[in-house]
Amino acid sequence: MKKLENKIVFITGGLSGIGKACAIAAVEEGASVVIADIKSVAVDETMKELKAENEKSFFIECDVASSEQIKTAVNAVVETFGTIDIALNNAGVSWESQRISDMSEEEWNYTIHVNLTGIFNCMKYELAQMVLQKSGAIINMSSILGYVGFANSAAYVAAKHGVIGLTKTAALEYAANGIRVNSICPGFIDTPMLTKNGINDDDKTKHRIIGLHPMNRLGTVKEIANAFIFLASDDSSFTTGASLRIDGGYLAQ
C-alpha cells in the first residue's frame with residue numbers, strides 16, 4: 001500500500017525546486033496532485049512528469065499573494081475531487097541581500113506578503129474545507145531562518161519566523177477537528193532559488209554556506225520531499241504543531 005494512496009494533494013509553488021520534488025514524491029506514493037503556481041516555462045515539463053504517474057493531476061495558475069486567487073484554486077480542487085486531504089504551502093520568494101536601513105518599505109511588504117501572508121491565505125481556505133471533512137494535513141514550508149537571524153535578509157527571516165508561529169497556532173486551533181498542521185524547516189538546499197540569489201558552484205559564498213552545515217554539504221530536494229511524505233502520511237499521525245528541521249546540523253551548533 002502506497003503512503004498517499006487515493007489522497008488529494010494541493011501544492012503551491014510546485015513547478016520547480018522543493019515543490020516539484022514533493023509533487024513527484026506524492027504521485028509516486030499514489031496521490032492525485034494539484035499544483036497552484038505562477039505560470040512559467042516549467043509547466044509543461046512538470047505536468048508531463050506528474051501525469052505519467054497519475055493522469056488526474058492538474059495545474060492551476062495562481063498567485064498566493066492574492067486571497068481571491070487562492071480561494072478560486074481551493075474551490076477548483078474541491079469541485080473536481082470533493083476533498084483536499086493534504087496541502088503543502090510551499091510558494092515563496094527569495095530575499096534581497098541588503099541591510100534593514102537600506103531596504104525599502106515596498107521590498108519589505110512584498111517579501112512578507114508572499115512568504116507569510118501567502119501562507120495565511122492558503123491556510124484560511126484549506127482549513128475551512130478540512131473542518132467540513134473533519135480531517136486533513138497541512139504542511140507549511142518555513143526555513144532554518146525561521147529559528148535564527150541571517151544578516152542582510154531581514155524580511156525573509158521575519159516571514160519564516162512567522163510561518164512557524166502561524167503553524168503552531170493553527171495546530172492548536174484545529175487539532176480537535178482532526179486536522180494536523182506542521183512545518184518543514186530546510187537548511188540551504190541545492191535549488192534554482194539558491195542560484196537565483198547569485199550562489200553558484202564557483203562562488204566563494206556557496207562554499208561558505210556549505211561550511212555552515214556540520215555535514216559539509218547542501219541538502220537535496222529529495223531529502224525535503226521525504227520529510228513532506230512523512231508529515232503528509234499516517235506515519236506522523238500523532239504529530240502536529242511541529243517544525244521538522246532538515247538542515248545537516250545547522251541549528252545544532
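Start by selecting Phe-81 in this predicted model. Is Phe-81 buried, partly exposed or exposed? With a relative accessibility of 22%, Phe-81 counts as partly exposed, because the buried class ends at 20%.

**Stop 1: the aromatic pairs**

Keep Phe-81 on screen and add Phe-58. The structure has 3 aromatic pairs. In the pair made by Phe-58 and Phe-81, the ring centres are 5.9 Å apart and the planes meet at 15 degrees, so this pair is stacked. Colour strand β3 (residues 58-61) and helix α3 (residues 67-81) to see where the two rings come from: Phe-58 belongs to the strand and Phe-81 to the helix, so the pair ties together parts that are 23 residues apart in sequence.

Next, select Phe-150 and Phe-188. Are these rings stacked or tilted? Their centres are 5.6 Å apart and their planes are at 50 degrees, so the pair is tilted. Here both partners come from loops: Phe-150 from the one between β5 (136-141) and α5 (154-174), and Phe-188 from the one between β6 (179-186) and α6 (192-196), so the pair ties together parts that are 38 residues apart in sequence. Phe-150 is buried at 18% relative accessibility, and Phe-188 is buried too, at 6%. Now add Tyr-250 to the selection: Phe-150, Phe-188 and Tyr-250 make up one aromatic cluster.

**Stop 2: charges over rings**

Two more rings are worth a click. Show Lys-124 and Tyr-125 as sticks, and you will find the charged end of Lys-124 over the Tyr-125 ring, 5.8 Å from its centre. Then move to Tyr-147, where Arg-245 lies over the face of the ring at 4.9 Å from the ring centre.

**Stop 3: the nonpolar cores**

Select Val-9, Val-33 and Phe-228. In the largest nonpolar core, which has 33 residues, these three touch the most other members. To see what builds this core, colour β1 (8-12), α1 (17-28), β2 (32-37), α2 (43-53), β4 (86-89), β5 and α8 (221-232), the elements that each give two or more residues to it.

Stay on Phe-228 for a moment. Which residues does Phe-228 contact, leaving aside its neighbours within four places in sequence? They are Val-9, Cys-22, Ala-26, Ile-86, Leu-88, Ile-139 and Ile-184. Another core, of 29 residues, lies apart from this one; to find it, select some of its members, including Ile-60, Ile-84, Val-93 and Val-181.

**Stop 4: the cavity**

Switch on a cavity display if your viewer has one. How many cavities of 30 Å³ or more does the structure hold? It holds 1, and the largest cavity has a volume of about 50 Å³. Select Trp-95, Glu-96, Gln-98, Met-103, Glu-107, Trp-108, Thr-111, Ser-153, Ala-154, Ala-155 and Tyr-156 to see the lining of the largest cavity. Helices α4 (105-133) and α5 each contribute at least two residues to that lining.

**Stop 5: two asparagines with positive phi**

Most residues other than glycine have a negative phi. Asn-152 has a positive one, near 70 degrees. Look for Asn-152 in the loop between β5 and α5, where it counts as partly exposed at 32% relative accessibility. Then jump to Asn-216, in the loop between α7 (204-211) and α8. Asn-216 is not a glycine either, yet its phi is positive at about 60 degrees. Asn-216 is exposed, with a relative accessible area of 54%.

**Stop 6: Asp-37 and two distances**

Select Asp-37 in strand β2. Asp-37 counts as buried, at 15% relative accessibility. Leaving aside neighbours within four places in sequence, the residues in contact with Asp-37 are Gly-13, Gly-14, Leu-15, Phe-59, Ile-60, Glu-61 and Cys-62. Now draw a line to Glu-55, which sits in the loop between α2 and β3 and counts as exposed at 67% relative accessibility. From C-alpha to C-alpha, Glu-55 and Asp-37 are 19 Å apart, with their positions 18 residues apart in sequence.

For the last selection, pick Arg-99 in the loop between β4 and α4. Arg-99 is exposed, with a relative accessible area of 56%. Draw a second line, this time to Lys-206: the C-alpha atoms of Arg-99 and Lys-206 are separated by 20 Å, and the two residues are 107 residues apart along the chain.

Conventions:
Residues numbered from 1 in each chain as written. Predicted model: local features only at pLDDT ≥ 70, side-chain atom pairs only at ≥ 80, totals over all residues. Heavy atoms only, no water. Phe/Tyr/Trp six-rings, centres within 6.5 Å; stacked < 30°, edge-to-face > 60°. Helix = DSSP H or I, 4+ residues; strand = E, 2+ residues; numbered from the N terminus. Buried < 20%, exposed > 50% of the residue type's maximum accessible area, 1.4 Å probe, protein only. Lys NZ or Arg CZ within 6 Å of the ring centre and 35° of its normal. Core = buried A, V, L, I, M, F, W, Y, C linked by side-chain atoms within 4.5 Å. Contact = heavy atoms within 4.5 Å. 1 Å grid on protein atoms, 1.4 Å probe; cavity = no way out; pocket = protein on both sides within 12 Å on 5 of 7 lines; lining within 4 Å. Points joined across faces, edges and corners; volume = space filled by probe spheres on them.
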